[in-house]
Number of protein chains: 2
Amino acid sequence: MNVLIVHAHPEPQSFCSAMVSRMRDRFESQGHSVTVSDLYAKQFNPVASAADFQDRNNPDYLVYALEQRHAQKNNTLPADIAEELALLNQCDLLILNFPLYWFSLPAILKGWIDRVFLSGVVYGGRNFYDRGLMKGKRAWLTFTLGGREHMFGDDAIHGDLDTMLRPVLRGSLGYAGFDVLKPFAAYHVPYISQEARVEMMEQLDAAVDGLAERELLPYPSLDNFDPQMNPLK
Amino acid sequence: MNVLIVHAHPEPQSFCSAMVSRMRDRFESQGHSVTVSDLYAKQFNPVASAADFQDRNNPDYLVYALEQRHAQKNNTLPADIAEELALLNQCDLLILNFPLYWFSLPAILKGWIDRVFLSGVVYGGRNFYDRGLMKGKRAWLTFTLGGREHMFGDDAIHGDLDTMLRPVLRGSLGYAGFDVLKPFAAYHVPYISQEARVEMMEQLDAAVDGLAERELLPYPSLDNFDPQMNPLK
């Protein structure tokens, strides 16, 4: 199995960064191949803009998705997008590893999706959810956050965590066709003891070991909708 | 009333960009003052990183929120963050105007939140939700998307739109203490007729005119939770 870990933490000594090494070791010890894309180390540009396209299909009016398709067809994607897209295409399991910023992805990682999840390659037309072009691959969020576990849940202060993460879990990864695994959330990391951190890393090992049996999040099937995306009775 | 419109579309001729002019005119005709922060025009840097802090509290280990507090106290915030923060502090109504990318904010706008929503100024400690430091201000999303209105809703293909937008509506704006207005969604914009666009702009005018009566989204009150954020009975 090819594992791609896309990592986005600004502090290389962080617990979040240590999770990457830990997962890499664990996957490699099982015979898997692991590639890490460290977005901060690469100084990855997260801004989808006209600057991404030197040879425009329509130089007068930018429609980002259409220019993505044009650039892909003509082999004129910028080198950084082409590189990440090749990694994405090669992987069987995509792991996004990050600190939760405002209950969502840090901008550098959001922009990785904005620029690399290419129209016509990752999704397009009616190719989304269970017909998304990433079908057959799995995706997994592993992240750190300041909040505690009891702050999430139906009656908890922040509500259900997976619901808070919906735009990435369902709206991005599920939409693109990935089988989306239940996230691994490392709660309260800035405040916990060394012992608790050791224990959390052991839980991460166990999660890696149990990935084949890990819960998948349910998403819509286009089989249940007509071509205009109205629900079928 | 001071209105701050933070705008993030890469195409200045877009419908989304035209919404900014339209809202500006409408607010100004009512005697309000409008400032537009055009993130693409400014080439705003969305990446929260060590580069934001020249004078570090802890040069050996970056905790972004703690360095934000340190820089704010010592008046060493980078000029771009200080400028946006001043605009934020001065506004009574914050409008985020953008094309929906992957059911969420374009990275350049997500990074505006990551970098400008400063710990200790916008939120901090137990100052969040109805005790967030932006209390007394209102916030409003106005955005364009490719999807059609019938694709959102409890039984629809993408589920409820406000739920999909939860990390920004509740997790960012609500968390910071804003009164969060029901969003204005301009559906299916890339595909609609000129007549439909004209009509949509009229609906935007009407929404601006009706802002005082516009629905507010409900968020938790810290009054209902103990200091550890367990729900009170």
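**Figure 1. A:M229, in the segment after α8 of chain A.** In this predicted model, we start with a residue whose backbone deserves a second look. A:M229 is not a glycine, yet its phi is positive, at about 70 degrees. Most residues other than glycine have a negative phi. As for its surroundings, A:M229 has a relative accessible area of 4%, so it counts as buried.

**Figure 2. A:H188, another non-glycine residue with a positive phi.** Here the phi is about 60 degrees. To find A:H188, look in the loop of chain A that runs between β6 (184–186) and α8 (194–209). The relative accessibility of A:H188 is 17%, and because buried means under 20%, A:H188 falls in the buried class.

**Figure 3. Chain A and chain B, related as by a two-fold rotation axis.** A turn of 180 degrees, with a shift of 0.0 Å along the axis, lays chain A on chain B with an RMSD of 0.0 Å. The two copies are therefore related as by a two-fold axis of rotation. If you would like a landmark for the axis, try A:A107: of the residues of chain A, A:A107 comes closest, with its C-alpha at 2.4 Å. Both copies use the same surface, and 100% of the contact residues of chain A recur in chain B.

**Figure 4. The interface between chain A and chain B.** On one side 52 residues of chain A take part, and they are in contact with 53 residues of chain B. Together the two chains bury about 4300 Å², with 65% of that area on carbon and sulfur atoms. How many salt bridges does the rule find across this interface? The count is zero between chain A and chain B. Polar contacts do occur here, with 18 residue pairs counted between the two chains, both partners being at pLDDT 80 or more.

**Figure 5. The side of chain A that touches chain B, with its helices α5, α6 and α7.** Each of these helices, α5 (107–116), α6 (161–164) and α7 (166–174), supplies at least two residues of this side. Which element gives the largest share? That is α5(A), with six residues. By residue type, this side of chain A divides into 31 nonpolar, 13 polar and eight charged residues.

**Figure 6. B:F117 and its neighbours, one of them from chain A.** B:F117 sits in the chain B loop that links α5 (107–116) with β4 (138–144). Is this residue buried or exposed? With a relative accessibility of 1%, B:F117 counts as buried. Leaving aside residues up to four places away in sequence, B:F117 touches A:W102 of the partner chain. Within chain B, B:F117 touches residues including B:Q68, B:L88, B:L94 and B:W112. Further contacts of B:F117 include B:V122, B:Y123, B:S172, B:L173, B:A176 and B:F178. For a sense of scale, B:F117 and B:L87 are 30 residues apart in sequence, and their C-alpha atoms are 12 Å apart in space.

**Figure 7. A salt bridge within helix α5 of chain A, between A:D114 and A:K110.** The side chains of A:D114 and A:K110 meet at 2.6 Å, N to O. Because A:D114 and A:K110 are four residues apart in helix α5 of chain A, about one helical turn separates them. Both partners are buried: A:D114 has a relative accessible area of 6%, and A:K110 has one of 5%.

**Figure 8. The salt bridge between B:K110 and B:D114.** In chain B, the closest N and O atoms of B:K110 and B:D114 are 2.5 Å apart. B:K110 and B:D114 are four residues apart in helix α5 of chain B, so the separation is about one helical turn. B:K110 is buried, as is B:D114.

**Figure 9. B:D162 and B:K182, a salt bridge between a helix and a loop.** The closest N and O atoms of B:D162 and B:K182 are 2.7 Å apart. B:D162 belongs to helix α6 (residues 161–164) of chain B and B:K182 to the loop between β5 (179–180) and β6 (184–186), so this pair ties together parts that are 20 residues apart in sequence. B:D162 is buried at 17% relative accessibility, whereas B:K182, at 30%, is partly exposed.

**Figure 10. A salt-bridge network in chain A.** A:R22, A:R26, A:D205 and A:D209 are joined into one network by salt bridges that share partners. Over all chains, the structure holds 22 salt bridges.

Definitions and conventions: Residues numbered from 1 in each chain as written. Chains lettered and ligands numbered in written order. Heavy atoms only, no water. Contact = heavy atoms within 4.5 Å. Buried area = accessible area lost by both parts, 1.4 Å probe. Salt bridge = Lys/Arg side-chain N within 4 Å of Asp/Glu carboxyl O. Polar contact = N/O pair within 3.5 Å; in protein donor to acceptor, adjacent residues only side chain to side chain. Nonpolar A, V, L, I, M, F, W, Y, C, P; charged D, E, K, R; others polar. Buried < 20%, exposed > 50% of the residue type's maximum accessible area, 1.4 Å probe, protein only. Least-squares fit on C-alpha atoms with pLDDT ≥ 70 in both.
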